[in-house]
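Q: I'd like to learn how to read a model like this one, feature by feature. Could you walk me through it?

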Amino acid sequence: MSKLLVASRNAKKLAELHRVLDAAGIVGLELLSLADVPEYPEAPETGATFEENALAKARDGYTATGIPCVADDSGLCVDALNGMPGVLSARWAGVHGDDVTNYWLLLAQLTDVPDDRRGAAFVSACALVTGPGPEDAVTTRGQWHGTIAREPRGEGGFGYDPVFLPDGGDCSAAELTPEAKDAASHRGRALELLVPALRKLA
């Protein structure tokens, strides 16, 4: 059984990768989270792009543990805010990971923006590092297009899910089942593109 470190303490991200592996029929990979390995210094997310941040996280994990490592960096890019919050999504309101404060600030910033100009996309970059060299890294990118709601809806998901209305439906991302979200979401798409490399690892 090969080990794969997921550079996150977020149980929902781990479960999401589990579902992607199951759907692809990949067996023989034991997923570990950061809670399962000795603590190591994690570099701050200072990359200008999602890809840079994901790759830095995956490299840190591999270097510290010697275990192949997958990491993601994702965020919400809003058209009316010139692509912001972008890589700053998790700390948009000033405190890292305060989801509710982040999305209420976003809604306040878009108060005067009409419905037809509330377009947005969730973006996720996933990186897999399996060795020390540049050839041992794979990076993928997934996008999920939609619009920003006027108020939060739904109890599921995390981050900006309650205020994101995916194109082609009338539910917020927080109102979708985990399976429906995986099938459409930015992270689900990015992870799916990693499947060939993960299959090789298994």
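A: Sure, and let's begin with a pocket. The largest share of the lining of the largest pocket, four residues, is supplied by strand 3. Keep in mind that this is a predicted model.

Q: Which other elements supply at least two residues of that lining?
A: Along with strand 3, helix 2 (50-65), helix 3 and helix 5 each give at least two residues to the lining of the largest pocket.

Q: How do I see where empty space is left, and what is the volume of the largest pocket?
A: The general idea is to roll a probe the size of a water molecule over the atoms, which shows where empty space is left. Here the largest pocket has a volume of about 730 Å³. It is lined by 32 residues, and the closest to its centre are Asn-10, Lys-13, Ser-74, Ala-90 and His-96.

Q: How do the residues of that lining divide into nonpolar, polar and charged?
A: Ten residues in the lining of the largest pocket are nonpolar, eleven are polar and eleven are charged.

Q: What about the second largest pocket: how many residues line it, and which lie nearest its centre?
A: There are 14 residues in that lining, with Lys-12, Arg-19, Gly-157, Pro-178 and Lys-181 nearest the centre. Helix 1 (11-23) and helix 4 (178-184) are the elements that give two or more residues to the lining of the second largest pocket, and helix 1 has the largest share, four residues. The space in the second largest pocket is about 170 Å³. By class, its lining divides into six nonpolar, three polar and five charged residues.

Q: Now for cavities. How many of 30 Å³ or more does a search of the whole structure find?
A: The search finds three. In the largest cavity there is about 100 Å³ of space. Its lining is made up of Val-6, Ala-7, Ser-8, Lys-13, Leu-17, Val-70, Ala-71, Asp-72, Cys-126, Arg-187 and Leu-191. Seven of these residues are nonpolar, one is polar and three are charged.

Q: Which element gives the largest share of the lining of the largest cavity?
A: Strand 3 does, with three residues. Helix 1, strand 3 and helix 5 each supply at least two residues of that lining.

Q: How do I read a helix, and which residues of helix 3 (residues 99-109) are buried?
A: Start with the geometry: an α-helix has 3.6 residues a turn, so residues three or four places apart point the same way. In helix 3, the buried residues are Asn-102, Tyr-103, Leu-106 and Leu-107. Looking down the axis of helix 3, you find its buried residues within an arc of 130°, so they line one face of the helix.

Q: What do the buried residues of helix 3 pack against?
A: They pack against strand 3 (69-78) and strand 5 (137-148).

Q: On to strands, then. How many bridges join strand 4 (residues 119-129) to strand 5?
A: As a rule, in a regular strand the side chains alternate between the two faces of the sheet. For the pairing here, eleven bridges join strand 4 to strand 5, and the two run antiparallel. To pick out one pair, look at Ala-120, whose bridge partner in strand 5 is Gly-146. Strand 5 is also joined to strand 6 (residues 164-166) by three bridges, again antiparallel. There, Ile-148 stands opposite Phe-164 of strand 6.

Q: Is Ala-127 in strand 4 buried or exposed?
A: Ala-127 has a relative accessible area of 0%, so it counts as buried. Leaving out residues up to four places away in sequence, Ala-127 touches Ala-54, Leu-55, Ala-58, Cys-69, Val-70, Ala-71, Val-138 and Thr-139.

Q: And Ala-197: where does it lie, and which residues is it in contact with?
A: Ala-197 belongs to helix 5 (residues 186-201). Apart from neighbours within four places in sequence, Ala-197 is in contact with Leu-128 and Val-138.

Q: Last, the backbone. Which residues does a cis peptide bond join?
A: Met-84 and Pro-85, with omega about 0°. Pro-85 sits in the loop between strand 3 and helix 3. Asn-82 is found in that loop too, and its phi is near 55°, a positive value in a residue other than glycine.

Q: Is Asn-82 buried or exposed?
A: Asn-82 has a relative accessibility of 73%, so it counts as exposed.

How values were computed
Residues numbered from 1 in each chain as written. Predicted model: local features only at pLDDT ≥ 70, side-chain atom pairs only at ≥ 80, totals over all residues. Heavy atoms only, no water. Contact = heavy atoms within 4.5 Å. Buried < 20%, exposed > 50% of the residue type's maximum accessible area, 1.4 Å probe, protein only. Arc of directions from axis to C-beta. Pairing = 2+ DSSP bridges. 1 Å grid on protein atoms, 1.4 Å probe; cavity = no way out; pocket = protein on both sides within 12 Å on 5 of 7 lines; lining within 4 Å. Points joined across faces, edges and corners; volume = space filled by probe spheres on them. Nonpolar A, V, L, I, M, F, W, Y, C, P; charged D, E, K, R; others polar.
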